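Trainee: Could you go through this structure with me, step by step?
Mentor: Gladly, let us have it on the screen and take your questions as they come.

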Amino acid sequence: MVLLVTVEKLGRLRGTAAELAAAARELGGEAEGLVLGADPAAAAQELAAYVPRVVALKGSFDAAEAVAAAAADRAQALGAEVVLFSADRLGQSAAPRVAVRLGGALLEDVTALWREGGALRARRFSYLSRVTETVEAVASPVVVSVKPRALAAAEPAAGAGQVSVEDAPAGGDGRKRVGERTAAQGARLPLEEARVVVAGGRGLGSAERFAQVVEPLAEALGGAVGATRAVVDAGWRPYAEQVGQTGKTVAPELYIALGISGAVQHLSGMNRSKVVVAVNKDADAPIFKVADYGIVGDVEAVGPALLAAVKELAAG
Amino acid sequence: MKVLTVVRQVPDAEARVRAEGGRVDLSGVTFVMDGMDEYGVEEAIRLREAGHDVEIVAVAVGPEHFAEALRRALALGADRAVHVVTDEQLDPVTLAGVVAQVAREEGADLVLTGGKQADWDSAALGPAVAEHLGWPHSDWTTSLALEGRELRLQHDVDDGVEELTVTLPAVVTTQQGLNEPRYPTLPNIMKAKRKELQVRDLAGLGSPAPRVRVVSQEVQVRPRLNKVVGGDPAEAAREVARLLRDEAKVI
């Protein structure tokens, strides 16, 4: 039995739930869904398009502790051998707790998951994404967090599954109180979902130049704006736009790096991009090693020239 | 109160990581205290500097050379260090059980650890230690203040920043922005040599069996075209735009 765990978002199913369904199908056997949240009924109906049975638990699941407790209880009741989470922040926070509660193994932030010789194996990154490793669970049950957007979403199954909505037992002992949540400002288009990312670094010289060069190019390409840590630390851009080890990990079709030298911490957040373009005045900058197309030159001149060239192409 | 700050000694971010025969080969690589663990050590020191009565114990579970991270923590301001020496590759959940046992024996009130260490790329240690101990946790923490037995925290969540109030004992994992770590001074490095660095073995902590095994590792190299386009900015830009449309087919 594979248990898929997800937390509803504004009453809807998170897109990553269909990726968990894909992972569950790859493993085969029985599967069941668990949808947690204040308003889980509609999301549970959506998830029932993928799995034959879904339990929706209505309650407060803002904290990872509550998510973990509910998931572990359900897994135990079902005798689940695999528990799947999406490796978003909440999932990465709850999954280790579930593994400890169940006395099982954790396969974290995986990009592929399969059975081999009776064991569960997965692929994941390590060493700041420079290394790809294959890991095997040697304890059971196995809790897995699946890297968002690493797996193709499953297609809905033929018939709708059965849904039951229950009230979550009163939980929490008051040792952790979740207060206000402030939405990240900036990003119009979520970085991780963008097909094109145009990112800027210190080479742009100032917050004003960054806005003048990076923003219009991102807009012209229908993409999102990304930034390096140095730029975020300098206060030029919000943290929500940071790409790298302590920021977001992105893998767009096209990544354009403007005035970015390419520190490993930054590369670890973007080196899975399909096509990379780099513009930097230093021909020896490490960013050129991961670039498909490079222009050695002043980003202040090349950036606007790229914008003009893209517009020219679009105009035919 | 007692603060445990967990540290790992990891390859320098600029180090070239190689793989040989399906294993990462770290020979010749420079190691440093993990940058995110450093935020934890710094935060513990700042609690003391803010006037709280804290004893800071730096803890590492890992091979011999992890002692360097502990010595650095001592030079920065930790009072004592505990090194559980093992060459065994423990997965984060298993290693968390060892840290939890040390925290129990020490009677810790707060455990600080990096949000995601640069060797195993895992964010699991903090939440797993908390679960082993039955404590609450805050991960990706960007702001921390202690009032009595209450921590007021801000931490990164998927779509923004969330405020938390957590009652001690608790586990806190770090995020960039929590603080700006200091450097050890030469006198403090000298003084640190006289501080206690206790060495323990895994057997004394229950010899937990790993729950995950690494089957193989390879260095991920995505083949890149590395085409450098020359000419004046306008020409070069036009050529790159054309290549993106006609060759890469991404615009």
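Trainee: How do β11(A) and β11 of chain B pair?
Mentor: β11(A) and β11(B), which covers residues 160–167, are joined by six bridges and run in the antiparallel sense; strands here are DSSP runs of E with at least two residues, helices are runs of H or I with at least four, both numbered from the N terminus, and two strands pair if DSSP finds at least two bridges between them.
Mentor: Please keep in mind that this is a predicted model, in which local features need pLDDT of at least 70 and side-chain atom pairs count only at pLDDT 80 or more, while totals for chains, interfaces and linings use all residues. Residues are numbered from 1 along each chain as its sequence is written, and chains are lettered from A and ligands numbered from 1 in the order in which they are written.

Trainee: Which residue stands opposite Glu162(B)?
Mentor: That is Arg181(A).

Trainee: What sheet do these strands belong to, and in what order?
Mentor: It is an open sheet of 10 strands with mixed pairing, and the order is β11(A)-β11(B)-β10(B)-β9(B)-β12(B)-β8(B)-β1(B)-β6(B)-β7(B)-β13(B). Because β11 of chain A (176–183) and β13 of chain B (196–201) each have a single partner strand, they stand at the edges, and one side of each is left without a neighbour in the sheet. On average, neighbouring strands are turned by 25° against each other, direction ignored, where axes are lines fitted to C-alpha atoms, for helices over the stretch in contact, and angles run from 0 to 180 degrees between N-to-C directions.

Trainee: What packs on the sheet?
Mentor: Helix α4 of chain B, residues 125–133, does so by touching β1, β8, β9 and β12 of chain B, and its direction makes about 65° with that of β9(B).

Trainee: How many residues of that α4(B) are buried?
Mentor: Nine of its nine residues are buried, meaning that 20 or more other C-beta atoms, placed from the backbone, lie within 10 Å of the residue's own, whereas 12 or fewer would make it exposed and anything in between partly exposed. Among them are Glu131(B) and His132(B), and the helix is followed by Gly134(B), whose phi is positive, near 70°.

Trainee: And β8 with β12 in chain B: parallel or antiparallel?
Mentor: They run parallel, with four bridges between residues 110–113 and residues 170–174, and Leu112(B) has Val172(B) as its bridge partner.

Trainee: Changing topic, how many residues of the two chains are in contact?
Mentor: There are 74 residues of chain A in contact with 68 residues of chain B, a contact being two C-beta atoms, placed from the backbone, within 7 Å. On the chain A side, helix α4 (residues 89–102) gives the most, with nine residues.

Trainee: What about the largest nonpolar core?
Mentor: It has 129 residues, and Leu4(A) and Leu84(A) have the most contacts inside it; such a core is a set of buried Ala, Val, Leu, Ile, Met, Phe, Trp, Tyr and Cys residues joined through C-beta atoms within 7 Å. Helix α3 of chain A, residues 64–78, gives the most to this core, with nine residues.

Trainee: Which residues is Leu84(A) in contact with?
Mentor: Leaving aside neighbours within four places in sequence, its contacts include Val2(A), Leu20(A), Ala23(A) and Val146(A). Apart from this core lies another, of 65 residues, including Trp236(A) and Ile287(A).
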